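Trainee: Please take me slowly through one part, the lining of the largest pocket.

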Amino acid sequence: MTIDAGPATNGAPAGGPRPGYDAETTARLAADAAQIVARYPESRSALLPMLHLVQSEDGYVSRDGILFCAEQLGLTAAEVSAVATFYTQYKRHPNGTYTVGVCTNTLCAIMGGDAIFDELSEHLGVGHDETTEDGAITLERVECNAACDYAPVMMVNWEFFDNQTPASATDVVDRLRAGEPVAPTRGAASVCTFKQMSRVLAGFPDGRADEGVGAGEPTLAGLRLAREHGWTAPTTDQASTSSDQASTPAGEPAPEKPVTGGEQSSADREATTDADVDPGGKAESPGTKPDPSKGADA
């Protein structure tokens with residue numbers, strides 16, 4: 001349903017149809033939006049999850065979604081667009097059912113991440129942030145998946161696929177396009193759609209958070225070794241002492257720590273200027289010419 005907006009509103013042409021969701025969709029999203037807004041002391045703070053909410057409706061942040069967020073939060077469409085275009089998780093064009101993100105940051109890259117991306121790009125016939133013709137896969141280069149101990153890593157709608165190879169990654173996307181169930185390496189037992197994932201990011205749990213393995217052997221190896229050897233983290237004082245000793249040449253005493261108000265500290269220092277004595281009281285506003293009668297140091 002479209003509404004004749006009369007004068008231009010939120011960027012809609014004067015006298016033309018105003019974009020927006022139909023009444024049923026608006027009511028349903030408004031009920032969800034009310035739950036989101038209730039989490040924050042200021043309504044505008046709810047914008048990020050609200051953008052995920054409209055993305056769960058359209059599969060991307062559409063013009064309708066931007067206007068909905070603006071109206072619900074008392075913002076302008078320009079303010080909402082500025083945020084939606086800043087973060088890469090918000091898509092400004094239709095996204096695939098599955099976002100396949102290949103980490104090509106330092107460690108994953110040298111372990112084969114670049115080769116995986118190149119293989120998938122050729123196999124799917126798309127480049128970065130492009131979607132296959134069937135609408136199934138959007139391929140992305142990802143800066144870091146925060147899983148360096150499993151490099152090279154690929155994610156499908158933010159579910160982990162660890163220790164990938166070009167062949168295994170290709171098999172995953174082929175199965176997704178064929179509609180077959182695909183299980184991540186860790187975490188949830190299955191991969192949800194991009195819209196479903198966006199709703200979770202909006203703050204509406206899907207009940208899958210406790211499924212599967214969260215931390216595998218590579219992540220827990222350090223903890224296991226520490227327990228075997230009885231290692232514990234140093235206390236704060238021990239850590240400070242160790243740090244001082246590590247930075248001090250052999251045979252020389254550790255440097256003294258700065259004392260508040262002392263030579264190496266600006267805290268609680270003695271007032272030395274008019275601004276120190278009376279902040280804001282005597283300070284001249286920017287652009288004000290100095291009074292010659294006060295002398296050069298005034």
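**The lining of the largest pocket**

Mentor: The lining of the largest pocket divides into eight nonpolar, nine polar and six charged residues, where Ala, Val, Leu, Ile, Met, Phe, Trp, Tyr, Cys and Pro count as nonpolar, Asp, Glu, Lys and Arg as charged, and the others, Gly among them, as polar. This is a predicted model, in which local features need pLDDT of at least 70 and side-chain atom pairs count only at pLDDT 80 or more, while totals for chains, interfaces and linings use all residues. Residues are numbered from 1 along each chain as its sequence is written, and side-chain values use heavy atoms, with hydrogens and water left out.

The largest pocket (an open set of points on a 1 Å grid over the protein atoms alone, where a 1.4 Å probe fits, with protein on both sides within 12 Å along at least five of seven lines, and lined by residues with an atom within 4 Å of a point) has 23 lining residues, and Tyr87, Thr88, Gln89, Lys91 and Glu140 lie nearest its centre. Its volume, the space filled by probe spheres set on the points, is about 360 Å³.

Helix H2 (47-58), strand E5 (137-142) and helix H7 (194-201) each give at least two residues to this lining; helices (H or I, at least four residues) and strands (E, at least two) are DSSP runs. The largest share, four residues, comes from H7.

H7 also gives the largest share, three residues, to the lining of the second largest pocket, whose volume is about 290 Å³. That second lining has 15 residues, with Glu159, Val200, Asp206, Arg208 and Ala209 nearest the centre, and by class eight are nonpolar, three polar and four charged.
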